[in-house]
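Subject: Structure handover

Hello,

Please find the structure below. My notes on it follow.

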Amino acid sequence: MLKFLKGYWHILAIILVVVLLVNFRLTSYGDPRLSIGTNDSSSYYEQIKIPTFSWEALTVRRLPSYVLLFKMFEPEGGYQLEAVSYPAAPGVGTSEKQLQPGFDKIVVTQMWLSITAWVFFALMVARHLKNRLIKILAVVLILMFAFLPPIAEWDSVLMSESGSYSLFMIMLGFTIEIISRILKEGRNVSWLTIFLWAAWFCVFLLWAFMRDSNATIMLIVVGFLLVLITIPATRKRLHVGLSGGTAAVLLVIFLIFAAAASQSGRWLGSWDGLYSGYIAPYETHLQFFYDRGMPETTSAARVWAAENGARTYLLMLLKFPRFAVNTFIYLMQAVFSENIQPFFFTHPSSGYRNMVAIGHVFHPLSSTPFLLSLITGVLVVAAAFNRKKTEISTWAWMAIWMLVLVFSYYGMAFFADAAGIIRHLQGASMPMRLMIWLFPIVLADFALSNPTAKLHENSEEDNVE
Amino acid sequence: MWNKRLSDYWHFPIIIIIFLVLVNFRLTFYGDPTLSIGTNDTSSYINQIDVPTFSWKALIVRRLPSYVLFFKTFEPENGYELKAVSYPAAPELGTKTKVHQAGFAHIAINQMRLSIFAWIFFAYIFIRHLRKKILKVLAAFLIPFFGFLPQVAEWDSIMMTESVSFSLFLIILGISLELIQRIKREGKKITWFTWGLMIAWFGFFVFWAFMRDSNANTMILMVFLFVILLVIPNIRKRIPVVPFIGVSVLLLGLFVVYALAANQSGRWMGSWISVYNDFIEPYPTHLQYFYERGMPADSDKTDWVMQYGARTYLGMMISNPEFMVKTFIFWMEDVFSENIQPFFYTPPTDAYQWMVSFGNMLHPISSVPFPLTLLTGIFVIIKAFSGENHNDQTFGWMTILLLLNVYGLYGFSFFGDSGGLVRHLLGAVMPMRLMMWLFPIVLADYSLRRSK
């Protein structure tokens, strides 16, 4: 028994940490059935009659993933939204969560999905770390990060954020495991790996069709897989059929999405933000659009934009790179300037204030995560590729994967819509905030698992193979 | 042979180029370096230049002597005449524009020179102790860039202690890193050069300590650290005992003198008023605690506070730990809520906005550096002392010294004066922001080292 405890004490500690923190999550936020809607909530449940796997589901206002949740829990009398919050117009609507039939099941499901997703991700991270203390610390930090108000409160809001975060974390959890297995198994992947790959694919698609900004990431994943297949050194250690097949299917799905998005007119919502934020205030930008046939009246310009807007806007960004880069840099602090949902009010009890204060620590209101996650991520990649152990390479690929995914998401979401950048970019700013904690832990794990006793005594650089 | 040399030392020219480019940027980016601006407090330094530096009086007047020494050194023939004074709390008064002011020009320029030297010196010493060339290059860029952004550089134009205090702290840190490495190598028989470095460290530390009251309090922390090193047999047998005892005794003596002088000076009254307004008066239980210990309820409290205020306040804090911890946590975000000097205005050109944006990334307006620096620092310490290679412990000892100093300074300043928290805590906040970037580099350096 003592021997067992000596060998596996960290597992008991991790179980204890998970139980304590899940209990904290379940008991710290009041009645989990209370919910609040927003200006956009009705647009989801109004689509529940549309078949999920149909062209129409892709050409209407909302993508089908989140609508699916509303379909599953539709009450007999249909949804009736009573509590609607309008943060931009504080005199209208409410800032109090309420018990609303049908929606209660949705928010409870969001909460459980969130808890499952974060615990799953934390356990996957811990599984691929070496040092036992670091494993425990990683679980504590990841679950603290997730169960504090900046993330947990989204579970009560009838918007896609909560589901989107949770699916993203499940996808990342699968990714670590798949990378580790592929590095071990090479081309001869086991059935369990294929099963995990299939599970990853389903979760990824669900996530991608949660929001338009998520869907565009399909193209990035296709590009990533194609690069891996093209480079001989990675191709020879990869199941080409599986990777190529996934890339091909994702590409087809992306093309269908792009065609549907173009037909849907959803782009016009973003166009209005871009026009008033990045085009109309700048004479040279307006002239660029006029030169390419945009009518001068706003309503006619909107009609023109439905067909030509996206392409011309992209050309404008390329033509004015200084504007693009300046805007990107100047607005970075603004993107990170909030970290808590703005839709409902929580009574600031002493305990809640503590949680918010600690939440500020974990989810900084500062653009630091953009650079710090990038630098620490690159350090993880550099440190991992310099050594040969499979577990270490897993983290290198994981860091590359996260950086590529998250930074592309940021770039695409930033330039795709000038309005509401804080909320629209949370899909990227949240993982960036997470990475500033995750990557130092991984670096510490590398350092602590690197035997120092046999190191060179002088301070010259060690030989690099 | 040349090829081998090139492959061994390719990072040297790159680091030199990085330093030159960044120093050039620092010298040219901020306009005329002779321009300066004063604040509400500046005149209090000028008014003390006739007080002898090494006298009891220098310790019991309003300002500690180190920064006054700066004003003494550059005093113009006709004395100082402060024209541009900024009052951020009362924007309609004074000015927000730097101007050329005789005498102050020398101070502003020398603050800038000292700052450039300190950042390059610290960067050089830091990279000297890294093993991986690519990380040396990264640190060579990151450290001076951090120091040359508006969040640090603009303090050089302000006639306040911040600029010099930052610079001296970095010089102390650089010398500490070098000293630790030398003592690890030389053991009990240290060379004359190490002796010289130790004396330099002591000189800079005392100079820094007597820059501000909050700095001076860290002398006791250093004494505490040295005594622990001397008490643990395993460490004592590997360090030169005499200089360590000497420095500890001298620092303890200086601290006692400082504490007695501070008590007599009445400087504590300014802080007392803030502490009373924020931490005592709004809470009936806290007020009651003071009344029970003899604080007069309505008459003038000055005499009582001068005699018993500090001790009773400390007792109140200890008997209300929940209040202490909550206040500490609730106010943490406020402490980090600013990162740029509030005294003068800089026209927001494109380039300046770029630098401010980069500055916001490197100097987060968020409390994240507090735990992240602590966490990564602890990782460095654990790693450094978990191996058998003593050379690996250099960063471990530096981290212990740094964490003790910086978090001690934060604690002292936080509870020592609740007024002007953001500026008063900058001495701790700036190094926390810096170390948040450096500790991951140290961890990566440890990870990249290879077994034979």
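Helices α20(A) and α23(B) are roughly parallel to each other (an angle under 35 degrees counts as roughly parallel, over 145 as roughly antiparallel, 65 to 115 as roughly perpendicular and the rest as oblique). The model is predicted, so local features need pLDDT of at least 70 and side-chain atom pairs count only at pLDDT 80 or more, while totals for chains, interfaces and linings use all residues. Residues are numbered from 1 along each chain as its sequence is written, chains are lettered from A and ligands numbered from 1 in the order in which they are written, and side-chain values use heavy atoms, with hydrogens and water left out.

Helix pairs between chains

Helix α20 covers residues 368-385 of chain A, and helix α23 covers residues 426-448 of chain B. Helices here are DSSP runs (H or I, at least four residues), as are strands (E, at least two), numbered from the N terminus. The two pack at an angle of about 10°, with their axes 9 Å apart; axes are lines fitted to C-alpha atoms, for helices over the stretch in contact, and angles run from 0 to 180 degrees between N-to-C directions. Residues of α20(A) that meet α23(B) include A:L371, A:I375 and A:L379, and among those on the α23(B) side are B:W437, B:P440 and B:I441; contact means heavy atoms within 4.5 Å. By class, this contact of α20(A) with α23(B) has 12 nonpolar, 3 polar and no charged residues (Ala, Val, Leu, Ile, Met, Phe, Trp, Tyr, Cys and Pro count as nonpolar, Asp, Glu, Lys and Arg as charged, and the others, Gly among them, as polar).

Helix α17 (residues 321-330) of chain A packs with helix α19 (residues 350-362) of chain B at about 40°, their axes being 9 Å apart. The pair is therefore oblique, and the crossing is left-handed (the near helix is turned anticlockwise from the far one by less than a right angle; clockwise would be right-handed). A:R322, A:V325, A:N326, A:I329 and A:Y330 meet B:D350, B:Q353, B:W354, B:S357 and B:F358. The contact of α17(A) with α19(B) divides into 5 nonpolar, 3 polar and 2 charged residues.

A helix pair within chain A

The axes of α9 (residues 191-208) and α13 (residues 240-264), both of chain A, come within 12 Å and cross at roughly 15°. That makes α9(A) roughly parallel to α13(A). Their crossing is right-handed.

Single residues

A:F336 lies in the loop between α18 (332-335) and α19 (350-362) of chain A. A:F336 is buried, with a relative accessible area of 0% (buried means under 20%, exposed over 50%, partly exposed in between, with a 1.4 Å probe and protein chains only). Among the residues that A:F336 touches are A:P364, A:F370, A:Y410 and A:R433. A:I421 is 85 residues away in sequence, with 9.4 Å between the C-alpha atoms of the two.

B:N215, in helix α11 (residues 213-231) of chain B, also counts as buried, at 2% relative accessibility. Its side chain makes a polar contact of 3.1 Å with that of B:S165 (a pair of N or O atoms within 3.5 Å; within protein, one must be able to donate a hydrogen and the other to accept it, and residues adjacent in sequence count only if both atoms are side-chain atoms).

B:T95 is partly exposed, at 26% relative accessible area. The side chain of B:T95 reaches the backbone nitrogen of B:T97 at 3.0 Å.

Regards

Key: Lists of a residue's contacts leave out its neighbours within four places in sequence.
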